[in-house]
Amino acid sequence: MMWEVLFRMLVVASTMSQAVEPAKLVLACQCHSHYLEADSQSLPVSLGIIVNLADRTVQGFRYPEDFPIKITDINETTIVFHGSSRHAAGATYRQINGGIDRVTGDGEATSDVTSWRGSTASAIHSLKCKSAQPMFLSQRMREFLP
């Protein structure tokens, strides 16, 4: 009888101790952007990306500001996303497609921006992300972040 009670307590304790996945993943990403234009250049860029698992969105890819990027597929190892915006400031159409490996932090995104003049700029962004939290903010203030 006593062993049965101890076993049940152990099962309850182990269930309670399992980590619940946070609603938001804050990622610090080192990015190598390769622009596919006539002068084809590559630039290192640092990005702060927020993956909101509750509303299935990704933020942090700025062209020049954030626009809606939806998570189109997610599982234990991969996050896949796509977003587009029409008639944004300085552009008639913008889109981004990509994915991040949740285990390694490696990822890739392809972006296209078409200006109102009809010219298109495309880039491939190679990502290396790691988990991060905003610096100098209390836990209470983090709850108010987008």
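A strand, as the term is used here, is a DSSP run of type E with at least two residues, numbered from the N terminus. The exercises below concern a predicted model.

**Exercise 1. Assign the residues of strand β5 to its covered and uncovered faces.**

Solution.
Step 1. Strand β5 comprises residues 78–86.
Step 2. In a regular strand, side chains point alternately to one face of the sheet and to the other.
Step 3. The covered face of β5 holds I79, F81, G83 and S85.
Step 4. The uncovered face holds T78, V80, H82, S84 and R86.

**Exercise 2. Determine how β5 pairs with β4 and with β6.**

Solution.
Step 1. Strand β4, residues 69–74, runs antiparallel to β5, and five bridges join the two.
Step 2. Within this pair, I69 stands opposite G83 of β5.
Step 3. Three residues lie between β4 and β5, which form a hairpin.
Step 4. Strand β6, residues 93–101, also pairs with β5 in the antiparallel sense, here over nine bridges.
Step 5. T78 has D101 in β6 as its bridge partner.

**Exercise 3. Describe the largest nonpolar core and state which strands supply it.**

Solution.
Step 1. The largest nonpolar core contains 20 residues.
Step 2. Those with the most contacts inside this core are I49, V51, F61, F81 and L127.
Step 3. At least two core residues come from each of β1 (24–35), β2 (42–52), β4, β5, β6 and β8 (120–131).
Step 4. The greatest contribution is that of β1, with four residues.
Step 5. As a general tendency, nonpolar side chains in soluble globular proteins are buried together.

**Exercise 4. Identify the contacts of F61 beyond its neighbours within four places in sequence.**

Solution.
Step 1. Contact requires heavy atoms within 4.5 Å.
Step 2. With those neighbours set aside, F61 is in contact with L47, I49, D66, F67, I69, F81, I96, A109 and L127.
Step 3. Among these partners, I49, F81 and L127 were named above for their contacts inside the core.

**Exercise 5. Classify the exposure of the loop residues T92 and R56.**

Solution.
Step 1. A residue is buried under 20% relative accessible area, exposed over 50%, and partly exposed in between.
Step 2. T92 is located in the loop between β5 and β6. Its relative accessibility is 29%, and T92 is therefore partly exposed.
Step 3. The C-alpha atoms of T92 and V113 are 7.9 Å apart, although the two residues are separated by 21 residues in sequence.
Step 4. R56 belongs to the loop between β2 and β3 (57–59). Because its relative accessibility is 36%, R56 also counts as partly exposed.
Step 5. The phi angle of R56 is near 55 degrees, a positive value in a residue other than glycine.

Methods: Residues numbered from 1 in each chain as written. Predicted model: local features only at pLDDT ≥ 70, side-chain atom pairs only at ≥ 80, totals over all residues. Heavy atoms only, no water. Buried < 20%, exposed > 50% of the residue type's maximum accessible area, 1.4 Å probe, protein only. Pairing = 2+ DSSP bridges. Core = buried A, V, L, I, M, F, W, Y, C linked by side-chain atoms within 4.5 Å.
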